[in-house]
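Trainee: Could we go through this structure together? I should like to begin with the backbone and then turn to the pockets.

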Amino acid sequence: MLSFHLSKSQSHLVWNNHLEPVLHVPNHATIEVEITNASGGQLSPTSQTEDVRQLDFSRVNPVTGPIYIDDAEPGDTLVVDILAVDVDNWGWTANIPGFGLLQDMFPHPHLRISQITDQYAELLPGLRIPVQPFIGTIGVALPQDGDHSLVPPRAQGGNMDIRHLVAGSRLYLPVAVKGALLSLGDTHAAQGDGEVAGTAIETNAMVTIRVHLEKNFSVTLPQLETPPHSQRHGHAWVTTGIGPDLFEAARQATRHMISLICHRTGLSAIDAYLLTSVAADLKIAKIVDVPNWVVTMHLEKQIIDGGI
């Protein structure tokens, strides 16, 4: 089995199906991919909140690649096995003005730098988040020509921020162009389902993947197989949002979780908001009883009620 390596310098900032591949690999290749955190190197362990205000958004969310997979053709499915996600010893989480589920409530920049170990990330002194590293952005080139933003997820994958894309997961992507042109980036040490503040614990990483093609199995949107350790099973605090609009119900559940965290810990609302983004999971609990739907937000009790 052939192995390959990509440096973080071999990266790009848009989807474009005419980008020159930085690597050609055969079917069943194993590839080590070096990832730069979502700031594109603009934030560091010594960064302050003012640095968030100065971010150059043309440089954010770089992805390493693209990787050309031999024999990949439109209509094939590219299967990516995630073998390892080895993250750095620090990460950042920010509230970026104009971004996030509750952007109207939190209009000012805010930044927290976490120290990361094998077991946890310390968002604030004594506030430890269980670490579960994963790939935030992974996808193949779009069928449409031209430059396309890396920010929104698409049919070919991209910035999906699915926290279950951990080591041991398998991802199926629909190939739209010859060679597939796979790229990945935006690695996280931890995140809640929803990433409600718009950032997780953003960090550099070394990712190891294996790729192969399914010629007789075609998907039109990404699909996953996930291992048991990608699920959370601990005792949890749960808040709800109820109403006819799923988006507003998600906002309600998040606001109530922020209030719960502030009440139980004394954290500021903005730090509680960042905590929900990196550790609390939004879920659709009910979507059939017209006219109101139920969204829940789950946060493991040990995070705010006791150390890990």
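Trainee: What is the phi of Gly-266, just after H2?

Mentor: Gly-266 takes a positive phi of about 80°. Please bear in mind that this is a predicted model.

Trainee: And how many residues does helix H2 have?

Mentor: Helix H2 covers residues 246-265, which makes 20 residues. From first C-alpha to last, H2 reaches 28 Å, close to the 28 Å expected at 1.5 Å a residue.

Trainee: Which residue caps the N-terminal end of H2?

Mentor: That is Asp-245, with a side-chain oxygen 2.8 Å from the backbone nitrogen of Phe-247.

Trainee: Which residues of H2 are buried?

Mentor: The buried residues of H2 are Ala-249, Ala-250, Arg-251, Ala-253, Thr-254, Met-257, Ile-258, Leu-260 and Ile-261. An α-helix has 3.6 residues a turn, so residues three or four places apart point the same way.

Trainee: What covers the buried residues of H2?

Mentor: The cover includes strands E19 (236-243), E20 and E21, together with helices H3 (269-279) and H4 (301-305).

Trainee: Do E20 and E21 come up elsewhere, and if so, where?

Mentor: They do: strand E20 (281-286) and strand E21 (293-300) each supply at least two residues of the lining of the second largest pocket. E21 gives the most to that lining, with 3 residues.

Trainee: How much space lies in the second largest pocket?

Mentor: About 160 Å³. Its lining has 14 residues, and the closest to the centre are Arg-163, Arg-232, Asp-281, Lys-283 and His-298. By class, the lining divides into 6 charged, 5 polar and 3 nonpolar residues.

Trainee: And the largest pocket: how much space is there?

Mentor: The largest pocket holds about 670 Å³ of space. It is lined by 29 residues, of which Phe-99, Asn-159, Asp-161, Glu-195 and Gly-198 are the closest to its centre. That lining comprises 14 nonpolar, 9 polar and 6 charged residues.

Trainee: A change of topic: is His-12 buried or exposed?

Mentor: His-12, which lies in strand E2 (residues 11-12), counts as buried because its relative accessibility is 10%, and buried means under 20%.

Trainee: What does the side chain of His-12 reach?

Mentor: The side chain of His-12 reaches the backbone oxygen of Val-14 at 2.7 Å. A polar contact of 2.7 Å also joins the side chains of His-12 and Ser-183.

Trainee: Which residues does His-12 touch, not counting those up to four places away in sequence?

Mentor: His-12 touches Leu-19, Pro-62, Val-63, Gly-65, Pro-66, Leu-150 and Ser-183.

Conventions:
Residues are numbered from 1 along each chain as its sequence is written. This is a predicted model: local features need pLDDT of at least 70, side-chain atom pairs count only at pLDDT 80 or more; totals for chains, interfaces and linings use all residues. Side-chain values use heavy atoms; hydrogens and water are left out. On a 1 Å grid over the protein atoms alone, a cavity is a set of points where a 1.4 Å probe fits but cannot get out, and a pocket is an open set with protein on both sides within 12 Å along at least five of seven lines; lining residues have an atom within 4 Å of a point. Grid points are joined across faces, edges and corners, and a volume is the space filled by probe spheres set on the points. Ala, Val, Leu, Ile, Met, Phe, Trp, Tyr, Cys and Pro count as nonpolar, Asp, Glu, Lys and Arg as charged, and the others, Gly among them, as polar. Helices (H or I, at least four residues) and strands (E, at least two) are DSSP runs, numbered from the N terminus. The expected span of a helix is 1.5 Å times one less than its number of residues. Buried means under 20% relative accessible area, exposed over 50%, partly exposed in between (1.4 Å probe, protein chains only). Contact means heavy atoms within 4.5 Å. A polar contact is a pair of N or O atoms within 3.5 Å; within protein, one must be able to donate a hydrogen and the other to accept it, and residues adjacent in sequence count only if both atoms are side-chain atoms.
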